[in-house]
Amino acid sequence: MAEEPNRWENVYQSKAEAETSWFEDRPQVSLDLIAATGATSDATIVDVGAGASRLVDCLLDQGFLRITVLDLSDTALAKARARLPDDVPVEWVAANVLDWEPLGLFDVWHDRAAFHFLTDVADQEAYVQVMDRALVSGGHAIIGTFAPDGPEKCSGLPVARYDAALLAERLGPDYHLIRSLIHDHYTPWGSVQRFHFGLFKKN
């Protein structure tokens, strides 16, 4: 993910939203886990590696007022923005999360499938450092990755696969696992990708 931003531009320029393997009409697992944090409408939420995800649409429908959507691809963000009115309370950020310097703090950090593209330990550590700076004390991190028996690659790139124990180890002792679940994601063409989601609370 860190090395090839143009790859994601090419993906979103060449494919319709529902032609990507990760497309979800409604990201219910993510919504349920955000609800489990107890976040209220004025909570600050960042969706990292969002692509053109419809999570932002659903959060707006639920009345959330302080949303940040971050992705490497300008095209992906433009597709999401095009679905929504111009005056929605969303900050759109085209950036590599490893280099990102958040201007404020967040109550909820959500990442459905960006972290697992970081196969280098140094990149994983850099990601956690950015998350540490971005999250308030007592804030929540929701990290979705391929499960141990999930795909070994996505979009032609190798991925790191996690269960609850390994993900907790990667995030470190400042993050306490609140909930762990396995989710079978069905791609638009009917194949199954097994995900692991972890909900963590920051000390």
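**Exercise 1. Find which strands line the largest pocket, and describe the lining.**

Step 1. β2 and β3 each supply at least two residues of the lining of the largest pocket. Strands here are DSSP runs of E, at least two residues long; helices are runs of H or I, at least four residues long; both are numbered from the N terminus. The model is predicted: local features need pLDDT of at least 70, side-chain atom pairs count only at pLDDT 80 or more, and totals for chains, interfaces and linings use all residues. Residues are numbered from 1 along each chain as its sequence is written, and side-chain values use heavy atoms, with hydrogens and water left out.

Step 2. Rank the contributors. β2 gives the most to this lining, with three residues.

Step 3. Fix the terms. On a 1 Å grid over the protein atoms alone, a pocket is an open set of points with protein on both sides within 12 Å along at least five of seven lines; a cavity is a set where a 1.4 Å probe fits but cannot get out; lining residues have an atom within 4 Å of a point. Points are joined across faces, edges and corners, and volume is the space filled by probe spheres set on them.

Step 4. Apply them. The largest pocket holds about 170 Å³ of space. Its lining has 13 residues, and Thr68, Glu91, Leu103, Gly104 and Phe106 lie nearest the centre.

Step 5. Sort by class. Ala, Val, Leu, Ile, Met, Phe, Trp, Tyr, Cys and Pro count as nonpolar, Asp, Glu, Lys and Arg as charged, and the others, Gly among them, as polar. The pocket lining splits into seven nonpolar, three polar and three charged residues.

**Exercise 2. Describe the largest cavity by volume, lining and class.**

Step 1. Count. The structure has one cavity of 30 Å³ or more.

Step 2. Size it. The largest cavity has a volume of about 500 Å³.

Step 3. List the lining. It comprises 35 residues; closest to the centre are Tyr12, Trp22, Gly49, Ala50 and Gly51. α1, β1, β2 and β9 each give two or more residues.

Step 4. Sort by class. The cavity lining has 20 nonpolar, nine polar and six charged residues.

**Exercise 3. Place helix α2 and Ile34 in the packing of the model.**

Step 1. Find the buried part of α2. Buried means under 20% relative accessible area, exposed over 50%, partly exposed in between (1.4 Å probe, protein chains only). In α2 (residues 28–36), Val29, Ser30, Leu31, Leu33 and Ile34 are buried.

Step 2. Find the cover. Elements over these residues include β1 (44–48), α3 (55–61), β4 (106–111), β5 (135–146), β8 (175–186) and β9 (192–202). Just after α2, Gly38 takes a positive phi of about 80 degrees.

Step 3. Move to the core. A nonpolar core is a set of buried Ala, Val, Leu, Ile, Met, Phe, Trp, Tyr and Cys residues joined through side-chain atoms within 4.5 Å. The largest has 37 residues, and Ile34, Val56, Leu59, Ile67, Val69, Val90 and Trp92 have the most contacts inside it. α3 gives the most to this core, with five residues.

Step 4. List the contacts of Ile34. Contact means heavy atoms within 4.5 Å. Beyond four places in sequence, Ile34 contacts Ala39, Ile45, Leu55, Leu59, Phe64, Val108, His110 and Ile142.

**Exercise 4. Work out which parts of the chain two salt bridges tie together, and how accessible the partners are.**

Step 1. Define. A salt bridge is a side-chain nitrogen of Lys or Arg within 4 Å of a carboxyl oxygen of Asp or Glu. The structure holds seven.

Step 2. Take the Glu24 pair. Glu24 and Arg112 meet at 3.2 Å, N to O. Glu24 lies in the loop between α1 and α2 and Arg112 in the loop between β4 and α5 (121–134), so this bridge links parts 88 residues apart in sequence. Glu24 is buried at 15% relative accessibility. Arg112 is buried at 13%.

Step 3. Take the Arg54 pair. Arg54 bridges to Asp25, with the closest N and O atoms 3.3 Å apart. Arg54 is in the loop between β1 and α3 and Asp25 in the loop between α1 and α2, so the bridge links parts 29 residues apart in sequence. Arg54 is partly exposed at 24%. Asp25 is exposed at 54%.

Step 4. Check the surroundings. Beyond four places in sequence, Arg54 touches Glu17, Phe23, Glu24, Asp25, Pro27 and Arg83.
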